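Opening a fresh page for this one. I'll go through the fold, the rings and the pocket in turn.

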Amino acid sequence: MVNKLIVDNEVAAKKADRTLIIYYSRTGNTKAVAEIIQQQVGGKLIQLKTKQARPTIYRQEVEQNVVEQENNVLPELATKITDFSKYDRIFIGAPTWNMALPQAVVTFLDSYDFKDKTVIPFNTNGGYGAGSTFRQIKTLAKGAKVLEGYSVKGGEEIYGRNLVIKGSYKTKVSNQVKVWLRKIKQAR
């Protein structure tokens, strides 16, 4: 039994070394889920950031995002992952914006080779669900095996409720993530 435990721990450590958890977050909810995932599976945690600063005022951000989506504008990323090829398990987290991915996440998916990688999407939203975010990731992560995603209600910035994945709600989300990771066979 002790030998099996040692082997299981070694396998989990190797898997964690090849795990990337990348997320895009405006209010911190997607970041909170990314951190929960990292606590449960290990891996390297990286926040996607654009080169050009995003609007800090919610309505301005919404308007800019709609224009980017409608015109297929891909904002340049400040975040660069020089060792991307070493990762074979990639969690991709994003909020739902206009029922779709933020264009910065589309830029990320367009910038890297996902062939033969396992991609695991996760999403936060204002109560309307994941929209097309999981379908977009499946389409844009060309050559990847895309597993079932996890979606959870985060804040409702339109009503001034920003970071809500904290306290007892964060505990609830952590338990949901644990169940999801087991279901898709990605738990430690």
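Helices and strands here are DSSP runs, with at least four residues for a helix and at least two for a strand. I'm working on a predicted model.

**Entry 1, the annotated domain.** I checked UniProt, where an unreviewed entry puts the feature "domain: Flavodoxin-like" at residues 19-185. Over that stretch I get 36% helix and 18% strand. The C-alpha atoms at its two ends sit 14 Å apart.

**Entry 2, the start of the domain.** I looked at how β1 (residues 19-23) and β2 (residues 44-47) run against each other: they pair in the parallel sense, over four bridges. I picked out Tyr-23 and found its bridge partner in β2, which is Gln-47. Adding helix α2 (residues 29-41), I have a β-α-β unit made of β1, α2 and β2, and its hand is right.

**Entry 3, rings.** How many aromatic pairs does the structure hold? I count eight. One pair I looked up is Tyr-24 with Trp-97: the ring centres are 5.6 Å apart and the planes stand at 70°, which is over the 60 degree cut-off, so I log the pair as edge-to-face. This pair ties together distant parts of the chain, 73 residues apart. Tyr-24 sits in the loop between β1 and α2, while Trp-97 is in the loop between β3 (89-95) and α4 (103-111).

Are these two buried or exposed? Tyr-24 has a relative accessible area of 6%, and with the limit for buried set at under 20% I therefore call Tyr-24 buried. Trp-97 comes out at 12%, so Trp-97 counts as buried too.

Next I took Phe-108 and Phe-114. Their ring centres lie 5.7 Å apart with the planes at 80°, so this pair is edge-to-face as well. Phe-108 and Phe-114 are both buried. Following the ring pairs outward, I end up with a cluster of Phe-84, Phe-108, Tyr-112 and Phe-114.

**Entry 4, the largest pocket.** I get a volume of about 650 Å³ for the largest pocket. Its lining has 29 residues. Which of them lie nearest the centre? I noted Tyr-58, Thr-96, Trp-97, Gly-126 and Gly-155. So Trp-97 turns up again, after its ring pair with Tyr-24.

I then sorted the lining by element. At least two residues come from each of α2, α3 (58-70) and β4 (118-125). The largest share is from α3, with five residues. Helix α2 was also in my β-α-β note.

Notes: Residues are numbered from 1 along each chain as its sequence is written. This is a predicted model: local features need pLDDT of at least 70, side-chain atom pairs count only at pLDDT 80 or more; totals for chains, interfaces and linings use all residues. Side-chain values use heavy atoms; hydrogens and water are left out. Two strands pair if DSSP finds at least two bridges between them. A crossover is right-handed if, with the strands pointing away from the viewer, the path from the first strand over the helix to the second runs clockwise. Rings of Phe, Tyr and Trp (its six-membered ring) pair if their centres lie within 6.5 Å; planes under 30 degrees apart count as stacked, over 60 as edge-to-face and the rest as tilted. Buried means under 20% relative accessible area, exposed over 50%, partly exposed in between (1.4 Å probe, protein chains only). UniProt positions are given in the numbering used here, feature names are shortened, and annotations may be inferred rather than shown by experiment. On a 1 Å grid over the protein atoms alone, a cavity is a set of points where a 1.4 Å probe fits but cannot get out, and a pocket is an open set with protein on both sides within 12 Å along at least five of seven lines; lining residues have an atom within 4 Å of a point. Grid points are joined across faces, edges and corners, and a volume is the space filled by probe spheres set on the points.
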